[in-house]
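Colleague: I would like to learn how to read a predicted model, one feature at a time. Where do we begin?

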Amino acid sequence: MKKILITGGAGFIGSHVVRRFVNNYPNYQIINLDKLTYAGNLLNLKDIEQSPNYKFIKGDIVDAAFIDQLFSKEQIDSVIHLAAESHVDRSISNPLEFVMTNVVGTVNLLNAARHQWKSEYSNHRFYHVSTDEVYGSLGETGLFTEQTAYDPHSPYSASKASSDHFVRSYHDTYGMDAVISNCSNNYGSFHFPEKLIPLSINNIKNNLPIPVYGKGENIRDWLWVEDHARAIDLIFHQAPAGTTYNIGGHNEWTNIDLIRLLCKIMDQKLGREPGASAKLITFVTDRAGHDLRYAIDSSKLQADLGWKPSLQFEEGLEKTVDWFLNNEDWLQSVTSGNYQSYYNDQYGKR
Ligand code: NAD
Ligand code: TYD
């Protein structure tokens with residue numbers, strides 16, 4: 001039985017990847033390694049936690065000795081690495097945490113894999129899940145391709161860029177079978193409400209201000225999280241060693257247009273007067289170093305592996321709103337406790 005270590009599997013995207021692999025590949029043993037930071041939540045995996053091919057291990061990728069032991073004890077065959085500190089605003093407040101988890105943690109995993117696999121990579125793969133933010137910011141035109149030079153601006157994107165470079169260097173230096181994908185902004189179920197879409201859904205629901213940074217003119221390219229998980233599945237199984245793939249939704253929205261659409265959907269779902277939720281829109285101080293525009297050219301992934309996004313954004317957003325409204329307990333559990341102090345620190349000062 002092939003043993004696959006998925007790191008960060010209790011987080012937003014990781015939980016979708018774990019669920020997909022556990023359900024679709026009964027002949028794989030899936031080991032989910034997660035520190036369970038504020039962003040990790042085992043409730044995200046309730047539906048598959050009893051599956052015979054699934055095991056959860058709590059642990060920190062920054063702890064090199066623990067990671068080495070884990071690889072040898074569990075005889076890990078391949079890695080899909082998603083564990084990371086993932087929120088730009090938190091990286092501005094605490095950059096070192098991002099260096100530790102995203103850079104040191106990734107190098108610890110690479111070292112453990114190299115030792116465990118004894119430089120023999122024919123049946124072993126290290127897949128690093130990364131972000132389009134490593135490419136920096138676009139002007140009004142153009143798209144990020146796999147050839148775009150790295151130009152990160154936030155401590156988050158700088159740490160992800162660094163980890164990408166380390167992964168590539170282990171392929172080039174040691175011959176490790178390593179692949180990387182760089183994806184645009186995801187949305188969907190189990191999204192932690194520090195990010196724009198789930199935070200706005202939660203605030204609209206509770207009649208709280210919707211904080212829009214600057215003038216709301218920044219553009220993001222949104223992809224439904226299950227389409228990302230499907231791309232990861234294809235790349236893990238089919239990408240040639242040493243390759244990189246961009247993943248994106250061909251779905252650019254200014255933040256303000258996205259929020260207006262979300263308000264319209266929520267007015268309908270909550271039985272509010274048209275325009276009621278939009279009154280909550282509040283422009284607040286901009287994010288420092290705020291990238292203007294991200295947009296992905298995913299034609300390589302489409303041509304090589306036949307992937308394309310499955311959902312139109314309006315449909316995906318409506319599905320997402322429905323999920324949040326139907327999962328009140330989940331939302332309660334992640335917005336109690338430390339979330340309130342995070343929220344007050346972040347938004348009290350804006
Ligand atoms: P997330 O913040 O929701 O989840 C991160 C997970 O990693 C959590 O479960 C957390 O507990 C775990 N973790 C954090 N530090 C750890 C440590 N030191 N040791 C072990 N586990 C640790 O993140 P996400 O949005 O699901 O993103 C997952 C990955 O995908 C990240 O690598 C991120 O850079 C990348 N990515 C995210 C997006 C996006 O839109 N969210 C887009 C492209 C790429
Ligand atoms: P976010 O969801 O944090 O993702 P990222 O910064 O990784 O793209 O933010 C998406 C966009 O929304 C980004 O341009 C910042 C903006 N934003 C707000 O306007 N208000 C908010 O409260 C948040 C969290 C983000």
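Modeller: With two terms. Strands are DSSP runs of E with at least two residues, numbered from the N terminus, and a residue is near a molecule if one of its heavy atoms lies within 4 Å of it. Keep in mind that this is a predicted model.

Colleague: Which strand gives the most to the shell around ligand 2?

Modeller: Strand β8, residues 210-213, with three residues. The shell around ligand 2 holds 17 residues, and the closest are Glu133, Arg220, Arg287, His290 and Tyr347.

Colleague: How do the residues of that shell divide by class?

Modeller: Around ligand 2 there are seven nonpolar, five polar and five charged residues.

Colleague: How should I read polar contacts to ligand 2?

Modeller: Look for pairs of N or O atoms within 3.5 Å. In this model, an N or O atom in the side chain of Glu133 is 2.6 Å from an oxygen atom of ligand 2. For the side chain of His290, the distance from an N or O atom to an oxygen atom of ligand 2 is 2.7 Å. Leu196 takes part through its backbone: a backbone N or O atom lies 2.9 Å from an oxygen atom of ligand 2.

Colleague: How much of the accessible area of ligand 2 does the protein cover?

Modeller: Ligand 2 on its own has 510 Å² of accessible area, and the protein covers 97% of it.

Colleague: Let us turn to the other ligand. Which residues come nearest to ligand 1?

Modeller: Ile13, Asp34, Ser86, Tyr156 and Lys160, out of 29 residues around ligand 1. By class, that shell has 12 nonpolar, 12 polar and five charged residues. Helices and strands can be read here too: α1 (12-24), β5 (126-131) and α5 (155-174) each supply at least two residues of the shell. β5 gives the most, with three residues.

Colleague: Which polar atoms lie close to ligand 1, by the same kind of reading?

Modeller: An N or O atom in the side chain of Asp34 is 2.5 Å from an oxygen atom of ligand 1. For Ser86, a side-chain N or O atom is 2.7 Å from an oxygen atom of ligand 1. With Asp60 the ligand atom is a nitrogen: a polar side-chain atom of Asp60 lies 2.8 Å from a nitrogen atom of ligand 1. Taken alone, ligand 1 exposes 840 Å², of which the protein buries 97%.

Colleague: Next, single residues. Is Asn185 buried or exposed?

Modeller: Compare the relative accessible area with the cut-off: buried means under 20%. Asn185 counts as buried because its relative accessible area is 17%. The residue is in the loop between β6 (178-183) and β7 (186-187). Apart from neighbours within four places in sequence, Asn185 is in contact with Arg220, Asp221, Trp222, Leu223 and Tyr294.

Colleague: What does Glu217 touch beyond its neighbours in sequence?

Modeller: Not counting residues up to four places away, Glu217 touches Thr254 and Leu292. Glu217 lies in the loop between β8 and β9 (219-221). Sequence separation and distance in space are separate readings: Glu217 and Thr254 are 37 residues apart in sequence, but 5.3 Å apart from C-alpha to C-alpha.

Colleague: How many aromatic pairs are there?

Modeller: The count comes to 23 aromatic pairs. Planes over 60 degrees apart count as edge-to-face. Trp117 and Tyr121 form such a pair, with 85° between the planes and 6.3 Å centre to centre. Trp117 is buried at 3% relative accessibility, and Tyr121 is buried at 8%. Phe21 and Tyr25, by contrast, form a tilted pair, with 45° between the planes and 5.3 Å centre to centre. Phe21 is buried, at 0% relative accessibility. Ring pairs also link Tyr38, Phe192, Tyr213, Tyr339, Tyr342, Tyr343 and Tyr347 into a cluster.

Colleague: Last, backbone angles. What should I look for?

Modeller: Most residues other than glycine have a negative phi. Gln75, which is not a glycine, has a positive phi of about 50°; its place is the loop between α2 (64-74) and β4 (78-81). His250 also has a positive phi, near 50°. His250 is found in the loop between β11 (244-247) and β12 (252-254), and at 49% relative accessibility His250 counts as partly exposed.

Definitions and conventions: Residues are numbered from 1 along each chain as its sequence is written. Chains are lettered from A and ligands numbered from 1 in the order in which they are written. This is a predicted model: local features need pLDDT of at least 70, side-chain atom pairs count only at pLDDT 80 or more; totals for chains, interfaces and linings use all residues. Side-chain values use heavy atoms; hydrogens and water are left out. A polar contact is a pair of N or O atoms within 3.5 Å; within protein, one must be able to donate a hydrogen and the other to accept it, and residues adjacent in sequence count only if both atoms are side-chain atoms. Accessible areas come from the Shrake-Rupley method with a 1.4 Å probe; for residues, only the protein chains shown count as cover. Helices (H or I, at least four residues) and strands (E, at least two) are DSSP runs, numbered from the N terminus. Ala, Val, Leu, Ile, Met, Phe, Trp, Tyr, Cys and Pro count as nonpolar, Asp, Glu, Lys and Arg as charged, and the others, Gly among them, as polar. Buried means under 20% relative accessible area, exposed over 50%, partly exposed in between (1.4 Å probe, protein chains only). Contact means heavy atoms within 4.5 Å. Rings of Phe, Tyr and Trp (its six-membered ring) pair if their centres lie within 6.5 Å; planes under 30 degrees apart count as stacked, over 60 as edge-to-face and the rest as tilted.
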